[in-house]
Amino acid sequence: MGIHIKKRTWLKGLAALITLPFISSYPRELGAEQQRSTKIKIDPITVAPLNKPHEAWRSLLSPEAYQVLFGEDTEPPESNPLNQEYRDGIYICAACYLPLFDSKHKYDSGTGWPSFTQPISGHIGTKRDFMLIWPRTEYHCARCEGHQGHVFNDGPPPRGERWCNNGLALRFIPKEEALPELRG
């Protein structure tokens, strides 16, 4: 009587064992030193976070938007009309309506997702993300903690940042319309 291990289970375990030393050496929250080393400018959060459980947002959002915002899912590239939106206005969090990006900082990154050169100061929080094994910088709404996307240091000058956002996590408000009240 021997022990039978499926090949896939064995390979997953081996991959986890090999990457564990690398992953455990990275803290999940980004400190000031790590922010400087990635050359991404993260401003201190200036809004009060909501103490609302993620589950409480489910009835206010489409199932797809909920999965992106609070399940940290990613929509397929080229799947959201906001990728082609270039009018003047503000992009707000689809959950709590906190303004996150000004349209003057939007550009076509060629990735298939709405991309920006910088967020509205103090409205974004960050953490390390290991979903693809190597560390990336995930960012979220500072108020409701809804997952927005990832930031990379391969954007255009002068900041060199690409804030790559899920369109489902945003709502666009044209310049001529009033911003909705924050919801909580």
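**A colleague's note on the sheet, salt bridges and cysteines**

1. Let's start with one pair of residues: T126 sits across from Y139 in β6. Bear in mind while you look around that this is a predicted model. The pair is a handy way in, since β5 and β6 run antiparallel and are joined by 6 bridges. Residues 124-129 make up β5, while β6 covers residues 136-141. Another spot to check along this pairing is R128, whose bridge partner in β6 is T137.

2. Now zoom out to the sheet. How many strands form it, and in what order? There are 6, arranged as β3-β4-β8-β7-β6-β5 in an open sheet with antiparallel pairing. The edges belong to β3 (106-107) and β5, and because each has a single partner strand, one side of each has no neighbour in the sheet. So if you follow β5 on the screen, expect β6 on one side and no sheet neighbour on the other.

3. Back to β6, which deserves a closer look. Is it buried or exposed? All of it is buried, 6 of 6 residues, so the rest of the structure largely encloses this strand. Besides β5, β6 pairs with β7 (residues 147-152), again antiparallel, this time over 4 bridges. To find that pairing by eye, look for E138, which stands opposite H150 in β7.

4. The turn between those two strands has a detail you could easily skip past. The hairpin of β6 and β7 leaves 5 residues between the strands, and E145 there has a positive phi near 70°.

5. On to charges. Side chains of opposite charge can pair when their charged atoms come close. The structure contains 5 salt bridges, and I'll walk through some of them. One joins E72 to K127, with 2.8 Å between the closest N and O atoms. E72 is in the loop between α3 (63-71) and β1 (89-93), whereas K127 belongs to β5, so this contact ties together parts 55 residues apart in sequence. The two ends differ in how they are covered: E72 is partly exposed at 31% relative accessible area, but K127 is buried at 17%.

6. Two other salt bridges are worth a click. E85 and R87 meet through their side chains at 2.7 Å, N to O. In that pair E85 counts as buried, with 13% relative accessibility, while R87 comes out as partly exposed at 44%. Then there is E55 with R58, where the closest N and O atoms are 2.7 Å apart. Here E55 is partly exposed, at 48% relative accessible area, and R58 is partly exposed too, at 42%.

7. Last, the cysteines. A disulfide is a covalent bond between the sulfur atoms of two cysteines. How many disulfides does a search of the whole structure find? The count is 0. You may be tempted by C93 and C144, so here is the reason to hold back: the cysteine sulfur closest to that of C93 is in C144, 3.6 Å away, which is too far for a bond. The cut-off behind that call is 2.5 Å between the sulfur atoms. As for surroundings, C93 is buried with a relative accessible area of 0%, and C164 is buried as well, at 9%.

Note on methods: Residues are numbered from 1 along each chain as its sequence is written. This is a predicted model: local features need pLDDT of at least 70, side-chain atom pairs count only at pLDDT 80 or more; totals for chains, interfaces and linings use all residues. Side-chain values use heavy atoms; hydrogens and water are left out. Two strands pair if DSSP finds at least two bridges between them. Buried means under 20% relative accessible area, exposed over 50%, partly exposed in between (1.4 Å probe, protein chains only). A salt bridge is a side-chain nitrogen of Lys or Arg within 4 Å of a carboxyl oxygen of Asp or Glu.
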